[in-house]
Amino acid sequence: KTNRILEALLSGEHLTVALALQAYQVYALSQEVGRLRRLGWEVESKTVETPGAHVSEYWLTCEPIPEVGYVCGI
């Protein structure tokens with residue numbers, strides 16, 4: 001599951017719990033994001049307002065660099 005979330009974030013997606021559940025069948029997005037952060041990924045987040053709730057939105061700020069893969073946090 002963590003790999004699917006990482007791939008989505010690397011492709012530029014911004015994920016909320018609802019989006020992660022719908023697209024990737026991931027119920028505990030915050031736990032997956034925690035795993036990625038412990039692995040060194042700089043996952044950014046903010047609270048967004050949705051109808052009836054405030055939820056966290058997660059994304060990566062990364063640039064693909066052909067020689068090395070990705071450079072994040074730029």
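Colleague: Which residue has a side chain joined to that of Glu44 by a polar contact?

Modeller: This is a predicted model, so every value here is computed from it. Glu44 sits in strand β1, and its contacts beyond four places in sequence include Arg37, Glu57, Tyr58 and Trp59. The side-chain polar contact of Glu44 spans 2.6 Å, and the partner is Thr61.

Colleague: Is Glu44 buried, partly exposed or exposed?

Modeller: Buried would need a relative accessible area under 20%, and exposed one over 50%. Glu44 comes out at 32%, which means it counts as partly exposed.

Colleague: How far apart are the C-alpha atoms of Glu44 and Ser56?

Modeller: Along the chain, Glu44 and Ser56 are 12 residues apart. Glu44 belongs to β1, and β1 pairs with β2. In space, the C-alpha atoms of Glu44 and Ser56 are separated by 9.9 Å.

Colleague: How many bridges link β1 and β2, and in which sense do they pair?

Modeller: One of the partnerships to look at is Val48 with Val55, the latter in β2. The hairpin has two residues between the strands, and Gly52 takes a positive phi near 90° there. As for the pairing of β1 and β2, there are seven bridges and the sense is antiparallel.

Colleague: Which residue forms a salt bridge with Glu57?

Modeller: Glu57 is in strand β2, residues 53-59. Its contacts beyond four places in sequence include His14, Leu15, Ser45 and Val48. For the salt bridge, the closest N and O atoms are 3.9 Å apart, and the cut-off is 4 Å. The partner of Glu57 is Lys46.

Colleague: What does the pair of Glu57 and Lys46 tie together?

Modeller: Glu57 lies in β2 and Lys46 in β1, so the salt bridge ties together parts that are 11 residues apart in sequence. The two ends also differ in cover: Glu57 is buried at 16%, while Lys46 is partly exposed at 43%. The strands holding the pair are β2 and β1.

Colleague: How many salt bridges are there by this rule, and which residue pairs with Arg35?

Modeller: The count comes to two salt bridges. Arg35 has a partner in its own helix, α3, three residues away, about one turn of the helix. The closest N and O atoms of that pair are 2.6 Å apart, and the partner of Arg35 is Glu32.

Colleague: Is Glu32 buried or exposed?

Modeller: The Arg35 end of the salt bridge is partly exposed, at 36% relative accessibility. Glu32 has a relative accessible area of 6%, and the limit for buried is under 20%, so Glu32 is buried.

Colleague: What covers the buried residues of α3?

Modeller: The buried residues of α3 are Leu29, Glu32, Val33, Gly34 and Leu36. Taking Leu29 as an example, its contacts beyond four places in sequence include Ile5, Val17, Ala20 and Tyr58. For the buried residues of α3, the cover includes α1, α2 and β2.

Colleague: Which helix gives the most to the largest nonpolar core?

Modeller: In soluble globular proteins, nonpolar side chains tend to be buried together. Here the largest nonpolar core has 16 residues, and among those with the most contacts inside it are Ile5, Leu9, Leu15 and Leu29. Helices α1, α2 and α3 each supply at least two residues of this core. With five residues, the top contributor is α1.

Colleague: Where is Gln25, and what is its phi?

Modeller: Most residues other than glycine have a negative phi. Gln25 is not a glycine, yet its phi is positive. Gln25 is partly exposed at 45% relative accessibility. Its place is the loop between α2 and α3, and its phi is about 55°.

Colleague: Which residue with a positive phi follows α3?

Modeller: Helix α3 covers residues 29-38. The residue in question has a phi near 105°, and its name is Gly40.

Colleague: In what order do the elements of the protein chain run?

Modeller: The protein chain has three helices and four strands. Buried residues make up 31% of its 74 residues. From the N terminus on, the order is α-α-α-β-β-β-β.

Methods. Residues numbered from 1 in each chain as written. Predicted model: local features only at pLDDT ≥ 70, side-chain atom pairs only at ≥ 80, totals over all residues. Heavy atoms only, no water. Contact = heavy atoms within 4.5 Å. Core = buried A, V, L, I, M, F, W, Y, C linked by side-chain atoms within 4.5 Å. Buried < 20%, exposed > 50% of the residue type's maximum accessible area, 1.4 Å probe, protein only. Salt bridge = Lys/Arg side-chain N within 4 Å of Asp/Glu carboxyl O. Pairing = 2+ DSSP bridges. Polar contact = N/O pair within 3.5 Å; in protein donor to acceptor, adjacent residues only side chain to side chain.
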